[in-house]
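Visitor: Hi, I've just opened this one and could use some company. Can you walk me through it?
Guide: Happy to. Let's bring it up and start with a pair of side chains.

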Amino acid sequence: MRTLITEPQLADGVSRLAGEIDRHYQGRPITVVAVLTGSVVLFADLIRRLSMPQRVGVVQASSYRGGTRPGELVIDAKMLIDVKNRDVLLVDDIFDTGATIAKLRDELLAFGAASVATAVLLRKVRENQHTVRPNFVAFEIPDEFVVGYGLDFHDMYRNLPFIAVLEPDEIAATAAEFG
Ligand SMILES: O=P(O)(O)OC[C@H]1O[C@H](OP(=O)(O)OP(=O)(O)O)[C@H](O)[C@@H]1O
Ligand code: HPA
């Protein structure tokens, strides 16, 4: 496992992200929506650094299911709070192909959100990415499979306090033990 972003760098990045979001909303109330499961660590850190009044909610989106490439994107909005006429900030850990953010943004607008902005910890720099880009990004990273700070492989590694690249032998060993 190769560390890509250390714990202090993550703390700085999340503070920087919160500063940009604060400057954008200028104290206006927002509804912050976490994309489960990967965003939980970022979400907990980010909402405590934002200074405007916030309602908080969650939505689930899943497409990787133990792989390093996406499969079918399944969205479960049963737990989502009412977003009608609200300014929504959608928070996710990573923008990879962009399919998750693009689809959720459309769904939130379809639910009647007044506006939807998106914030991610990581944006992969890669080809074949959705043209709808996140509004706020803490770090741009190369096109490698990463884990930690909420990001998983087979639901492992989410608890790591840093972001690391998972090497091919670790991908194989984790899949054999936990897949
Ligand atoms: O930009 P994309 O290619 O759509 O990839 C990004 C999404 O993939 C991961 O979720 P995953 O499907 O692994 O579910 P999880 O959050 O439960 O880990 C991650 O948390 C993002 O939501
Ligand atoms: O690089 C990644 N790591 C973990 N989960 C992900 N979901 C999309 N890309 C990634």
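Visitor: Which residue does Asp152 form a salt bridge with?
Guide: The partner is Arg158, and their closest N and O atoms are 3.3 Å apart. Keep in mind that this is a predicted model.

Visitor: Is Arg158 buried or exposed?
Guide: Arg158 counts as buried, because its relative accessibility is 18% and the cut-off for buried is under 20%. Asp152 has a relative accessible area of 21%, so Asp152 falls in the partly exposed class.

Visitor: And what about Asp155, what does its side chain meet?
Guide: Asp155 meets Arg158 in a salt bridge, at 2.6 Å from N to O. So Arg158 pairs with Asp152 and also with Asp155. Asp155 itself is exposed, at 56% relative accessible area.

Visitor: Which residues are joined into one network by shared salt-bridge partners?
Guide: Arg2, Glu144 and Glu167 are linked that way.

Visitor: How many salt bridges are there by this rule?
Guide: The count comes to ten. One of them ties Arg48 to Asp45, with the closest N and O atoms 2.9 Å apart.

Visitor: Where do those two sit, buried or exposed?
Guide: Arg48 is exposed, at 65% relative accessibility. Asp45 is partly exposed, with 22% relative accessible area.

Visitor: Sticking with charges, how far apart are the mean positions of the positive and negative ones?
Guide: They are 7 Å apart, taken over 19 positive and 24 negative charges of the chain.

Visitor: Let's zoom out. How many helices and strands are there?
Guide: The chain has four helices and nine strands. Reading from the N terminus, the order is β-α-β-α-β-β-β-α-β-β-β-β-α.

Visitor: Why call the chain as compact as a globular protein of that length?
Guide: Because its radius of gyration is 16 Å, close to the 16 Å that the globule rule gives for 179 residues. The C-alpha trace spans about 50 × 35 × 30 Å along its principal axes.

Visitor: What share of the residues is buried?
Guide: Buried residues make up 44% of the 179 in the chain. As for the surface, the chain exposes about 8,900 Å², and carbon and sulfur atoms supply 51% of that area.

Visitor: And the contacts, what share joins residues 24 or more positions apart?
Guide: Those account for 65% of the contacts with a separation of 6 or more.

Visitor: New topic: backbone oddities. Which peptide bond is cis?
Guide: Look at the one from Leu36 to Thr37, where omega is near 5°. Thr37 lies in the loop between strand E2 (30–36) and helix H2 (40–47).

Visitor: What is notable about the phi of Asn128?
Guide: Phi of Asn128 is near 55°, a positive value in a residue other than glycine. You'll find Asn128 in the loop between strand E6 (115–124) and strand E7 (136–141). Asn128 is exposed too, at 70% relative accessibility.

Visitor: And where is His154 found?
Guide: His154 is in the loop between strand E8 (146–147) and strand E9 (163–165). The phi of His154 is near 55° as well, again a positive value in a residue other than glycine.

Conventions
Residues numbered from 1 in each chain as written. Chains lettered and ligands numbered in written order. Predicted model: local features only at pLDDT ≥ 70, side-chain atom pairs only at ≥ 80, totals over all residues. Heavy atoms only, no water. Helix = DSSP H or I, 4+ residues; strand = E, 2+ residues; numbered from the N terminus. Rg over C-alpha atoms; globule rule 2.2 N^0.38 Å. Buried < 20%, exposed > 50% of the residue type's maximum accessible area, 1.4 Å probe, protein only. Contact = heavy atoms within 4.5 Å. Areas by Shrake-Rupley, 256 points an atom, 1.4 Å probe, with all protein chains shown as cover. Lys, Arg positive; Asp, Glu negative; His and termini not counted. Charge placed at Lys NZ, Arg CZ, Asp CG, Glu CD. Salt bridge = Lys/Arg side-chain N within 4 Å of Asp/Glu carboxyl O.
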